[in-house]
Amino acid sequence: MQEINPKETSRAFAFDMWMSSPMPMVTLTKTFDITHIYKISRRKKVKFNALLCWCIAKAASQIEEFYILPVCGSMYKYDRIAVNVIVNNKKGGINSCDILYTDDFNRFVADYVNLTTSVSDSCESIFNEDAMIVGTSAMIATELDSIVNQYTDKFLNPMVMWGRYRKSLFKVSLPISFQFHHVQMDGGHAAKFLDLLQKTIMSL
């Protein structure tokens, strides 16, 4: 991670416009066809959330804007991406777990299982401060059409959120909400990410 001059980036105008905004976050929601990774999850006995998190990180890793983050009037650049997941621990509470993205799908899934199991058992969070964190939150107790997270300066990272998937006769679908800081990217970048995420899901 290194601090960079926002004036020397493509986000200079956005930095001037929205860095001081009291609510700079934007949320987009898209319904995804997840039939392909749902079948892989069942056939290979792999955790569905691990599959989806890899697809999220894979799509994010291909978009330049994901590697920069505005924080407290400054801008920082990262050279790698990690996904944060919320883990239910054995004491009935929750912890955070950062999983570093790798293009090696099998390695990522193994890291996902090992790290989340460790966090659940130890009740201690695992953070990776050297990577750009893409937050995730799966609220699978019910089906949700859209999720809007709290707008706070405590967590300005992009956030991907979803509820329970929906099964029909031939298709499994899932509405996914994507929240991002407007200084970090514009709506066009966010839409490109969501489109790329669907293509990644379909091609895994």
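**Exercise 1.** In which loop does lysine 45 lie? Classify its exposure and describe its phi.

*Solution.* The structure is a predicted model.
- Step 1: Lysine 45 belongs to the loop between α2 (35–44) and α3 (48–60).
- Step 2: The relative accessibility of lysine 45 is 74%. Exposed residues have over 50% relative accessible area, so lysine 45 counts as exposed.
- Step 3: Phi of lysine 45 is near 55 degrees, which is a positive value in a residue other than glycine. Most residues other than glycine have a negative phi.

**Exercise 2.** Locate cysteine 123, and determine whether it is buried or exposed.

*Solution.*
- Step 1: The loop between α4 (105–122) and β7 (132–138) contains cysteine 123.
- Step 2: Its relative accessibility is 17%. The cut-off for buried is under 20%; therefore cysteine 123 counts as buried.
- Step 3: As to the backbone, cysteine 123 has a positive phi of about 60 degrees, although it is not a glycine.

**Exercise 3.** Describe the surroundings of isoleucine 81, starting from its strand and ending with its contacts.

*Solution.*
- Step 1: Isoleucine 81 is part of strand β5, which covers residues 81–88.
- Step 2: Because its relative accessibility is 3%, isoleucine 81 counts as buried.
- Step 3: Once residues up to four places away in sequence are set aside, isoleucine 81 touches Ala60, Ser61, Phe66, Tyr67, Leu100, Tyr101, Ala131, Met132 and Val134.
- Step 4: For the pair isoleucine 81 and valine 134, the separation in sequence is 53 residues, while the C-alpha to C-alpha distance is 7.3 Å.

**Exercise 4.** Carry out a similar analysis for alanine 14 in helix α1.

*Solution.*
- Step 1: Helix α1 spans residues 12–18 and includes alanine 14.
- Step 2: Alanine 14 counts as buried because its relative accessibility is 3%.
- Step 3: Apart from neighbours within four places in sequence, the contacts of alanine 14 are Met19, His182 and Val183.
- Step 4: Alanine 14 and methionine 185 are 171 residues apart in sequence, yet their C-alpha atoms are 8.1 Å apart in space.

**Exercise 5.** Which residues have the most contacts inside the largest nonpolar core, and which element contributes its largest share?

*Solution.*
- Step 1: The largest nonpolar core has 49 residues, and those with the most contacts inside it are Leu52, Phe66, Phe178, Phe193 and Leu197.
- Step 2: α3 supplies the largest share of this core, 11 residues.
- Step 3: Another core, of six residues, lies apart from it; Phe15, Ile68, Met75 and Val183 are among them.
- Step 4: Leucine 52 is in contact with Ile37, Trp162, Leu174, Ile176 and Ile201, leaving aside neighbours within four places in sequence.

**Exercise 6.** Compare the span of α3 with the expected value, then state how many of its residues are buried.

*Solution.*
- Step 1: From first C-alpha to last, the 13 residues of α3 reach 18 Å, close to the 18 Å expected at 1.5 Å a residue.
- Step 2: The helix α3 is mostly covered, with 11 of its 13 residues buried.
- Step 3: The buried residues are Phe48, Ala50, Leu51, Leu52, Cys53, Trp54, Cys55, Ile56, Ala57, Ala59 and Ala60. In soluble globular proteins, nonpolar side chains tend to be buried together.

**Exercise 7.** Identify the residues that form the nonpolar surface patch of about 320 Å², and place tyrosine 151.

*Solution.*
- Step 1: Met23, Val148 and Tyr151 make the patch.
- Step 2: Tyrosine 151 is situated in the loop between β7 and β8 (159–162).
- Step 3: With a relative accessible area of 31%, tyrosine 151 is partly exposed.

Key:
Residues numbered from 1 in each chain as written. Predicted model: local features only at pLDDT ≥ 70, side-chain atom pairs only at ≥ 80, totals over all residues. Heavy atoms only, no water. Helix = DSSP H or I, 4+ residues; strand = E, 2+ residues; numbered from the N terminus. Buried < 20%, exposed > 50% of the residue type's maximum accessible area, 1.4 Å probe, protein only. Contact = heavy atoms within 4.5 Å. Patch = residues over 30% accessible without salt bridge, like charges linked within 9 Å, V, L, I, M, F, W, Y side chains within 5 Å. Areas by Shrake-Rupley, 256 points an atom, 1.4 Å probe, with all protein chains shown as cover. Salt bridge = Lys/Arg side-chain N within 4 Å of Asp/Glu carboxyl O. Core = buried A, V, L, I, M, F, W, Y, C linked by side-chain atoms within 4.5 Å. Expected span 1.5 Å × (residues − 1).
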